[in-house]
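Open the model in your viewer and keep the sequence panel beside it. The tour goes from charged side chains to aromatic rings, one selection at a time.

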Amino acid sequence: ASIGFSHYPSHTRNVETLISYADTAMYKAKKQRSGWELYDVQSALNNERDMMLRGALNNAMDSRQIILHFQPKIDMRTGSVLGVEGLCRWQHPELGLLTSFAFIDLIEHSGKVQAFGRYIIQSALEHAKAWKQEQLNVPIAINLSPYNLLDPQLPNYISQLLNEYNLPA
């Protein structure tokens, strides 16, 4: 259970607003799994931003605003590049480049985990195909939500894309 508190009259004197503030605090309590939260202005600002980002999420994938940035994986003994890790970034048209910290939690609570995981897999394989055509054989690692592993069709989806892009597993 999660509970949100707001205080009359220090937060507001309006009943509807007081209930809305308590609801905002409850949302934060659920998000942080803390059990309870007291309303504060920063929570309200973060909640408004989260609501805006949640609303823009579908468009972000459709318009390919969510992109992978690649970080090399280095063998510390030899200094050679072993591969790369694809890190999600959202090139938001108004907020600029957002790290995954700003939106992954929203995805996991929005019901879009499976679609997002598939989007990231496809994006990584598109890069791998382009690099292969340039004679670069660099293994790519990506992070998936544990919820993606509950998708019984995930192995078939990956296999289908590997065949389509002519890539080895």
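Start by selecting Lys-28, which is partly exposed at 23% relative accessibility (buried means under 20% relative accessible area, exposed over 50%, partly exposed in between, with a 1.4 Å probe and protein chains only). This is a predicted model, in which local features need pLDDT of at least 70 and side-chain atom pairs count only at pLDDT 80 or more, while totals for chains, interfaces and linings use all residues. Residues are numbered from 1 along each chain as its sequence is written, and side-chain values use heavy atoms, with hydrogens and water left out.

Add Glu-37 to the selection. Glu-37 and Lys-28 form a salt bridge, with 3.9 Å between the closest N and O atoms (a salt bridge is a side-chain nitrogen of Lys or Arg within 4 Å of a carboxyl oxygen of Asp or Glu). Glu-37 is buried, at a relative accessible area of 15%. Now add Asp-40: a network of salt bridges links Lys-28, Glu-37 and Asp-40. In the whole structure, a search finds 5 salt bridges.

Next, select Glu-126 and Arg-64. Their salt bridge has its closest N and O atoms 2.5 Å apart. The pair links distant parts of the chain, 62 residues apart: Glu-126 is in helix α4 (residues 113-133), and Arg-64 is in the loop between α2 (41-62) and β3 (66-74). Helices (H or I, at least four residues) and strands (E, at least two) are DSSP runs, numbered from the N terminus. Glu-126 is partly exposed at 26% relative accessibility, and Arg-64 is partly exposed at 40%.

Stay on helix α4 and pick Arg-118. Which acidic residue forms a salt bridge with Arg-118? The partner is Asp-151, with the closest N and O atoms 2.8 Å apart. Asp-151 lies in the loop between β6 (140-142) and α5 (154-164) and Arg-118 in helix α4, so this salt bridge ties together parts 33 residues apart in sequence. Asp-151 is buried, at 10% relative accessibility, whereas Arg-118 is partly exposed at 23%.

Keep Arg-118 and show Tyr-157. Arg-118 lies over the face of the Tyr-157 ring, 4.6 Å from the ring centre (a charge sits over a ring if NZ of Lys or CZ of Arg is within 6 Å of the ring centre and within 35 degrees of the ring normal).

For the rings, select Phe-116 and Tyr-119. They form a stacked aromatic pair, 6.4 Å centre to centre with 20° between the planes. Rings of Phe, Tyr and Trp (its six-membered ring) pair if their centres lie within 6.5 Å; planes under 30 degrees apart count as stacked, over 60 as edge-to-face and the rest as tilted. Phe-116 and Tyr-119 are 3 residues apart in helix α4, which means a separation of about one helical turn. Both Phe-116 and Tyr-119 are buried. Add Trp-90 and Phe-103 to see the cluster that ring pairs make with Phe-116 and Tyr-119. The structure holds 6 aromatic pairs.

Finish with two more charged residues. Lys-112 sits in the loop between α3 (104-108) and α4. Lys-112 is buried yet has no salt bridge; Asp-62, the nearest side chain of opposite charge, is 9.7 Å away (Lys and Arg count as positive and Asp and Glu as negative; His and the chain ends are not counted). Leaving aside neighbours within four places in sequence, Lys-112 is in contact with Leu-57, Asn-58, Met-61 and Ile-107, contact meaning heavy atoms within 4.5 Å.

Last, go to Asp-75, in the loop between β3 and β4 (81-92). Asp-75 is buried, with a relative accessible area of 13%. Not counting residues up to four places away in sequence, Asp-75 touches Ser-80 and Leu-82.
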